[in-house]
Amino acid sequence: MKTTYREAMRAALRDAMQRDDRVFLMGEDVGRYGGSFAVSLGLLEEFGPDRIRDTPLSESGFVGAGIGAALGGMRPVVEIMTVNFSLLALDQIINNAATLLHMSGGQFNVPIVIRMTTGAGRQLGAQHSHSLEGWYAHIPGLRILAPATLRDARGMLWTALQDPDPVLIFEHGSLYNVAGELDDGAGAVDIDKAALLRQGDGDGDRLTLITYGGTLPMVLDAADQLAGEGIGADVIDLRTLRPLDSHTIVDSVARTHRAVVVDEGWRSGSISAEIAARICEQAFFDLDAPVERVCSLEVPVPYAKHLEEAALPSVERVMAAARRAVGAGG
Amino acid sequence: MTTLKNHGVPDAEHAVHLLRQMLRVRRLEEKCIELYSEAKIRGFLHVYIGEEAVAAGVMEALAPEDAVVATYREHGHALLRGVSAGAILAEMYGRAEGCCRGRGGSMHLFDAETRFYGGNAIVAGGLPLAVGLALADRMAGRQQVTACFFGEGAVAEGEFHESMNLAALWQLPVLFCCENNLYAMGTALGRSESQTDIALKAAGYEISAWAVDGMDVLAVEEAARRAVDAVRSGSGPHFLELRTYRFRAHSMFDPELYREKSEVVQWMERDPISLLQGAMQAAGKLPEEQWAALQADVDAEISTAVGFAENGTPEPVSELSRFVYSDRPDDGSAGGGGTAEWDTTAGKGGAAG
Ligand SMILES: Cc1ncc(C[n+]2csc(CCOP(=O)(O)OP(=O)(O)O)c2C)c(N)n1
Ligand SMILES: [Mg+2]
């Protein structure tokens with residue numbers, strides 16, 4: 001079936017609402033407006049205003065209310081328009097959702113799913129463009145998902161809703177219009193493992209490209225071009241940023257001996273730093289070259305197109321890092 | 001057409017000035033929409049068309065030393081505060097000549113010279129800033145006012161309530177200007193507030209508050225003058241709920257599924273520009289030639305501004321890492337970046353003028 005990332009997300013929401021009447025969607029403009037990124041378009045007409053619940057501009061309030069509803073036995077899916085606005089709800093997410101189970105000695109779990117858009121690339125300036133999912137991945141008690149493929153856009157939500165604990169889903173804004181083929185029977189997928197999407201072949205140089213979310217299409221593109229240069233690249237889509245599946249990463253690096261991490265977040269204190277550290281801890285003696293990282297420049301994302309492009313990872317920067325990694329081992 | 005509260009149009013010269021101010025905003029933004037469809041401007045673009053009387057009326061009441069804080073729908077506020085149309089358009093073109101050197105864009109216009117503290121794309125994000133600016137004025141003993149503009153959607157945020165309380169508790173010189181255009185994106189006021197009388201909410205914090213017809217620029221100006229005088233003379237924060245309407249979509253991406261076309265048409269009957277223009281013409285105080293000349297003037301200003309933006313230069317990429325931290329007097333380099341591979345500024349040099 002031909003579909004888009006947006007439609008796959010919508011199908012996942014519809015499916016969850018049909019299967020479990022404890023599930024409801026709540027957030028700003030999810031109903032009448034049709035969703036700020038049109039993910040929930042049409043769902044109000046289908047499920048009514050009780051279950052497709054428009055909220056006032058009150059991120060801390062409605063995220064907190066979602067946490068409360070989860071405590072009360074519901075299965076809320078809370079949509080925050082973008083990760084930038086989730087900062088207004090940070091207290092609820094980190095001080096309540098992530099800690100209640102532990103603080104209560106295991107008595108109160110919080111089965112909430114919080115979805116939000118993330119990322120740059122549309123000239124929206126610093127207050128609408130940041131990638132803070134790696135920051136959330138720092139927090140014990142949260143599970144952090146970053147669907148990058150149609151299959152995951154369709155399949156991660158249901159599995160997340162079965163999780164007894166809070167799950168945050170980050171949808172990169174550049175992915176919504178991505179179109180492609182999806183199995184008619186596509187459904188729930190695991191939310192534990194990274195995916196080896198492509199295995200580099202040939203007798204030439206090898207390396208592992210590790211990424212997630214919005215930069216996956218760029219990395220796959222780079223892998224194609226590298227193949228043309230005789231460099232065989234494994235491509236790992238992390239899918240879940242917390243807990244991180246080190247296994248899949250280390251397995252690949254053990255074969256390729258080189259790694260490039262691509263992350264739209266900033267470099268310092270980031271998920272890319274965590275991945276590099278794990279490779280050093282768990283695969284140090286397999287490495288033939290230092291781990292390379294391609295991240296966003298450490299500036300608030302600027303508006304002007306040429307400045308924004310210069311600030312973000314690009315195919316060229318991924319290729320350059322890959323060539324450096326390969327050259328370093330030569 | 002519904003009439004203005006002040007039928008008389010007391011001072012023709014001043015009324016023409018107000019008409020011009022509103023028209024400048026209108027024409028600037030009509031041009032923005034055109035440029036957006038030509039892809040000269042990108043990102044999000046939120047226009048103020050229909051709401052011009054609010055900024056035009058309030059700005060009249062402010063002094064040059066006062067401060068202004070606004071939202072992402074702030075082209076008009078910036079222009080009427082004194083930022084040139086050229087600097088605004090150049091910013092939206094992402095040019096070095098823009099008021100923020102291309103880093104801010106439409107939603108983030110700033111200008112130190114006119115004490116215009118933004119442009120803020122986080123709903124309600126500007127309110128605490130305004131409280132703090134006023135706190136600084138109070139602590140430094142300056143008789144200045146901070147005017148803070150925000151939409152009625154912001155009223156649902158905690159930051160609104162925290163700011164109301166702080167300003168009232170500390171009796172700070174803030175003029176809160178709530179631009180109640182009845183919608184926050186697709187959410188109608190009645191669907192988002194249990195109490196839709198916004199002035200009443202401010203009153204709940206012991207802040208003097210009035211609701212004003214935001215389509216009547218004379219009424220807005222009169223209310224703003226009264227409020228600003230009171231704030232400046234030390235009687236604490238004041239609050240205006242300016243009842244207005246946005247004629248266009250929320251942004252360039254909004255399919256407007258949430259309101260009837262007929263409602264928009266009805267509000268357009270009270271277009272603030274036509275209202276004043278009509279009242280003046282009816283009173284015989286706006287001869288046809290004067291109205292034509294005024295329009296020609298404004299058109300000329302906007303086309304000069306477009307030319308300025310068109311001829312602007314891109315901010316050099318070598319400057320990208322600048323302004324993450326303040327330039328230090330002794331480091332000499334404008335780039336301020338490191339030399340590692342990820343820093344594209346490394347080795348490129350070349351500071352902007
Ligand atoms: C904290 C936050 N939440 C959500 C948004 C997305 N958003 C941008 S404008 C807007 C509507 C705001 O409405 P209102 O305050 O009434 O101002 P208006 O657009 O009507 O001028 C929303 C929801 C945002 N920018 N910031
Ligand atoms: Mg509004």
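**Entry 1: A:Asp192 and its partner**

I looked up A:Asp192 and found that it counts as partly exposed, at 42% relative accessibility; I used the rule that buried means under 20% relative accessible area, exposed over 50%, and partly exposed in between, with a 1.4 Å probe and protein chains only. I note here that this is a predicted model, in which local features need pLDDT of at least 70 and side-chain atom pairs count only at pLDDT 80 or more, while totals for chains, interfaces and linings use all residues. Residues are numbered from 1 along each chain as its sequence is written, chains are lettered from A and ligands numbered from 1 in the order in which they are written, and side-chain values use heavy atoms, with hydrogens and water left out.

Which residue forms a salt bridge with A:Asp192? I found A:Arg143, with the closest N and O atoms 3.3 Å apart, where a salt bridge is a side-chain nitrogen of Lys or Arg within 4 Å of a carboxyl oxygen of Asp or Glu. This pair links distant parts of the chain, 49 residues apart, since A:Asp192 sits in the loop between strand 8 (179-181) and strand 9 (195-198) of chain A and A:Arg143 in strand 6 (residues 143-145) of chain A. I took helices (H or I, at least four residues) and strands (E, at least two) as DSSP runs, numbered from the N terminus. A:Arg143 is buried, with a relative accessible area of 16%.

**Entry 2: other salt bridges**

Side chains of opposite charge can pair when their charged atoms come close. I counted 38 salt bridges over all chains by this rule. In one of them A:Arg115 pairs with A:Glu171, the closest N and O atoms being 2.7 Å apart. A:Arg115 belongs to strand 5 (residues 113-118) of chain A and A:Glu171 to strand 7 (residues 167-172) of chain A, so this salt bridge ties together parts that are 56 residues apart in sequence. I also noted that A:Arg115 and A:Glu171 are both buried.

In chain B, I found a salt bridge between the side chains of B:Asp137 and B:Arg142, at 2.8 Å from N to O. B:Asp137 counts as buried at 0% relative accessibility, whereas B:Arg142 is partly exposed, with a relative accessible area of 38%. I then came to a network of salt bridges that links B:Arg101, B:Arg103, B:Glu315, B:Glu319, B:Arg322 and B:Asp327.

**Entry 3: where chain B meets chain A**

How many residues does the contact take from each chain? I found 44 residues from chain B and 33 residues from chain A, contact meaning heavy atoms within 4.5 Å. The area buried between the two chains is about 3,300 Å², of which carbon and sulfur atoms give 63%; buried area is the accessible area (1.4 Å probe) that two parts lose on being put together, summed over both. I found zero salt bridges across the interface of chain B and chain A, but eleven residue pairs in polar contact, both residues being at pLDDT 80 or more. On the side of chain B that touches chain A, helix 4 (85-92) and helix 7 (189-192) of chain B each supply at least two residues.

I wrote down the cut-off for a polar contact: a pair of N or O atoms within 3.5 Å, where within protein one must be able to donate a hydrogen and the other to accept it, and residues adjacent in sequence count only if both atoms are side-chain atoms.

**Entry 4: chain B as a whole**

I counted twelve helices and seven strands in chain B, and I noted that 57% of its 353 residues count as buried. I also looked at helix 2 (residues 52-61) of chain B, where ten of the ten residues are buried, so this helix is largely enclosed by the rest of the structure. Its buried residues include B:Glu52, B:Val54, B:Met59 and B:Glu60.

**Entry 5: two residues of chain A**

Is A:Val318 buried or exposed? I found that A:Val318 counts as buried, at 0% relative accessibility, and that it lies in helix 13 (residues 315-329) of chain A. Leaving aside neighbours within four places in sequence, I found A:Val318 in contact with A:Leu209, A:Met218, A:Ala222, A:Val262 and A:Val294.

Last, I looked up A:Asn84, which is found in helix 4 (residues 83-86) of chain A and counts as buried at 7% relative accessibility. The side chain of A:Asn84 makes a polar contact with the side chain of A:Thr82 at 2.8 Å, and the side chain of A:Asn84 also reaches the backbone nitrogen of A:His130 at 3.3 Å.
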